[in-house]
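Please look over the sequence and the model that follow before reading on. The paragraphs after them lead through a few local features in turn.

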Amino acid sequence: MPNEPHQFSRAAQELIGSFRKIPDETPRKMRIRPTKDMGGLVQDLLVKYKIGIESEESVIREHWAEVAGPANAHYSHVRDLDQRGCLTVLASHAVVRNELFLHRKMLLQKIQKLPGCAKVKALTIRAG
């Protein structure tokens, strides 16, 4: 036998409340969900948002000056990596953006050689 008491449906609770003449003060659209252990929720969030785990983006950001060169890295930065493996880089100067665009295949090869970054499949350079 479970230690928790039986949970009645919303309609059954309303029927029992009206029979006992106890007013129901909970909002109609409110869902009553079972409580969960806080430690399990925090652990799920840590895994979901990769907190405490070094992500591909952070590795690329750390090595961006080596990948793009110090002059180009000064005017550009890594924005994000989407689920498809497309890395978005923002360049604040048009000349740097053009140079990164022309060398994107070479940059992509250098990025894929970084530890844990083989997932990166494409490189998108945007103004920013």
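What follows moves from a helix to a strand pair and then to a loop residue.

The structure is a predicted model, and a convenient place to enter it is helix α7, which spans residues 104-113 and in which L107, L108 and I111 are buried. Viewed down the axis of α7, these buried residues fall within an arc of 100°, so they line one face of the helix. This spacing can be read against the regular geometry of an α-helix, which has 3.6 residues a turn, so that residues three or four places apart point the same way. The buried residues of α7 pack against several elements, namely the helices α3 (56-62), α4 (64-68) and α6 (94-102) together with the strands β2 (86-91) and β3 (122-127). On the face of α7 turned away from this buried side, by contrast, lie the exposed residues K105 and K113.

Strand β2, one of the elements against which the buried residues of α7 pack, also pairs with β1 (residues 76-81) in the antiparallel sense, over 5 bridges. Within this pairing, H77 has L90 in β2 as its bridge partner. The hairpin of β1 and β2 has 4 residues between the strands, and in this hairpin G85 takes a positive phi near 95°.

A positive phi also occurs at K21, where the value is near 60° and the residue is not glycine. Most residues other than glycine have a negative phi. K21 is found in the loop between α1 (10-19) and α2 (38-48), and K21 is exposed, with a relative accessible area of 73%.

Note on methods
Residues are numbered from 1 along each chain as its sequence is written. This is a predicted model: local features need pLDDT of at least 70, side-chain atom pairs count only at pLDDT 80 or more; totals for chains, interfaces and linings use all residues. Side-chain values use heavy atoms; hydrogens and water are left out. Helices (H or I, at least four residues) and strands (E, at least two) are DSSP runs, numbered from the N terminus. Buried means under 20% relative accessible area, exposed over 50%, partly exposed in between (1.4 Å probe, protein chains only). The arc is that of the directions from the helix axis to the C-beta atoms. Contact means heavy atoms within 4.5 Å. Two strands pair if DSSP finds at least two bridges between them.
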